[in-house]
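This briefing goes through a sheet, a buried helix, a helix pair and a tryptophan site. Please keep the sequence and the 3D view open while reading.

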Amino acid sequence: MKTIRSLALAATTLALVLSGCSRQKDAGDQRIVLGFSQIGAESEWRTANTESIKSAATTSNIDLRFADAQQKQENQIKALRNFIAQKVDVIAFSPVVATGWDTVLMEARDAHIPVILTDRAVSADPSLYAGFLGSDFVEEGRKAGRWVLEEFKGSTSPVNIVELQGTVGAAPAIDRKKGFEEIIAADARFQIIRSQSGDFTRSKGKEAMEAILKSESRKIQLLYAHNDDMAIGAIQAIEEAGLRPGKDIKIVSIDAVKGAFEAMIAGKLNATIECNPLLGPQLMTSVAEVVAGRPIAKRIVVEETMFTMDTAKQFIQTRKY
């Protein structure tokens, strides 16, 4: 009898889990249903972004159906199709990479479900999504480049740069590289001698920097990392190689998470460009607008700044991520 009861309980639990994955909107529930597919949890920035979206959904009384893609595009496409099957009111997602979305976006359009992009853009017909909310990644790269020009303006010597790129094919990796190169191209002293992907993670940033330091015979004056987590991983590799991060190799990165502020205060990171992850409130406002049948801006840019070693201590207590 005990075995039968255990099997019955397990079957009931499984049924509840499955029904939760494909649950429809209750007849008496008038809340907006938002299906959101997140890239994963690869960095401090991403964690803060997820928390902002979940918190804003609760505050806005929006029924959030959340899916973690674990940094795989195929998982995101499955999640979007699941949201379409659930007949959610709106779909939002931060795309892992820029390409390969046309088919599933057309499926959402055919189901009359508006789609909002957050954080990262896609290379698809703009008519397939309502709008894109996020940072200007090209401008972030430009800001990093401008800081580099200013930092080395008194030097006449060549500046050898190592670049740690984000996930291959991801919009921020493409755009942050483009913006940075656009600025440094104006001065022949600056040369990117090695460029390698660290996949936006701390562990792979460390791994990539270790490999570069072991194989690169030329002296490195600067590290440009596409996000803070890779920079922090690289700092560990630089120290283990017997060098002083922030001094022997100057470092500029992007995101402005608390870990970067701690590294700047410790004198190991020279500058970080802000990329604001707290997109939740703006996303929920956009969701409410499209459900009401009102158009939103095709491109909503988040205002951001930059921080250096000199200002890190002044601002660290005000950081929310």
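Two strands are said to pair if DSSP finds at least two bridges between them. The model is predicted, and the points below are grouped by topic.

**The sheet**
- Six strands form an open sheet with mixed pairing, in the order β7-β6-β8-β9-β10-β12.
- At its edges lie β7 (190-197) and β12 (306-308), each of which pairs on one side only.
- From one strand to the next, the twist averages 20°.
- Strand β6 (residues 159-165) and β7 run parallel and are joined by seven bridges.
- Ile-161 has Ile-192 in β7 as its bridge partner.

**Helix α8**
- Helix α8 spans residues 228-240, 13 residues in total.
- The distance from the first C-alpha of α8 to the last is 18 Å, close to the 18 Å expected at 1.5 Å a residue.
- Because ten of the 13 residues of α8 are buried, this helix is largely enclosed by the rest of the structure.
- The buried residues of α8 include Asp-228 and Asp-229, and also among them are Met-230, Ile-232, Ile-235 and Ile-238.
- Gly-242, just after α8, takes a positive phi of about 85°.

**Packing of α5 and α6**
- Helix α5 (residues 137-151) packs against helix α6 (residues 171-184) at an angle of about 35°, and their axes are 6 Å apart.
- The two helices, α5 and α6, make a right-handed crossing.
- On the α5 side, the residues that meet α6 are Phe-137, Val-138, Glu-140, Gly-141, Arg-142, Ala-144, Gly-145, Arg-146, Val-148 and Leu-149.
- On the α6 side, the residues in this contact are Ala-171, Pro-172, Asp-175, Arg-176, Lys-178, Gly-179, Phe-180, Glu-182, Ile-183 and Ile-184.
- Sorted by class, the contact of α5 with α6 has ten nonpolar, seven charged and three polar residues.

**The site of Trp-101**
- Trp-101 sits in the loop between β3 (90-93) and α4 (102-110).
- Buried means under 20% relative accessible area; the value for Trp-101 is 0%, so Trp-101 is buried.
- Leaving aside neighbours within four places in sequence, Trp-101 is in contact with Gln-73, Gln-76, Ile-77, Leu-80, Phe-93, Pro-95, Val-96 and Val-122.
- One of these contacts, Gln-76, is 25 residues from Trp-101 along the chain, and the C-alpha atoms of the two are separated by 9.8 Å.

Methods
Residues are numbered from 1 along each chain as its sequence is written. This is a predicted model: local features need pLDDT of at least 70, side-chain atom pairs count only at pLDDT 80 or more; totals for chains, interfaces and linings use all residues. Side-chain values use heavy atoms; hydrogens and water are left out. Helices (H or I, at least four residues) and strands (E, at least two) are DSSP runs, numbered from the N terminus. Axes are lines fitted to C-alpha atoms, for helices over the stretch in contact, and angles run from 0 to 180 degrees between N-to-C directions. The expected span of a helix is 1.5 Å times one less than its number of residues. Buried means under 20% relative accessible area, exposed over 50%, partly exposed in between (1.4 Å probe, protein chains only). A crossing is left-handed if the near helix is turned anticlockwise from the far one by less than a right angle, and right-handed if clockwise. Contact means heavy atoms within 4.5 Å. Ala, Val, Leu, Ile, Met, Phe, Trp, Tyr, Cys and Pro count as nonpolar, Asp, Glu, Lys and Arg as charged, and the others, Gly among them, as polar.
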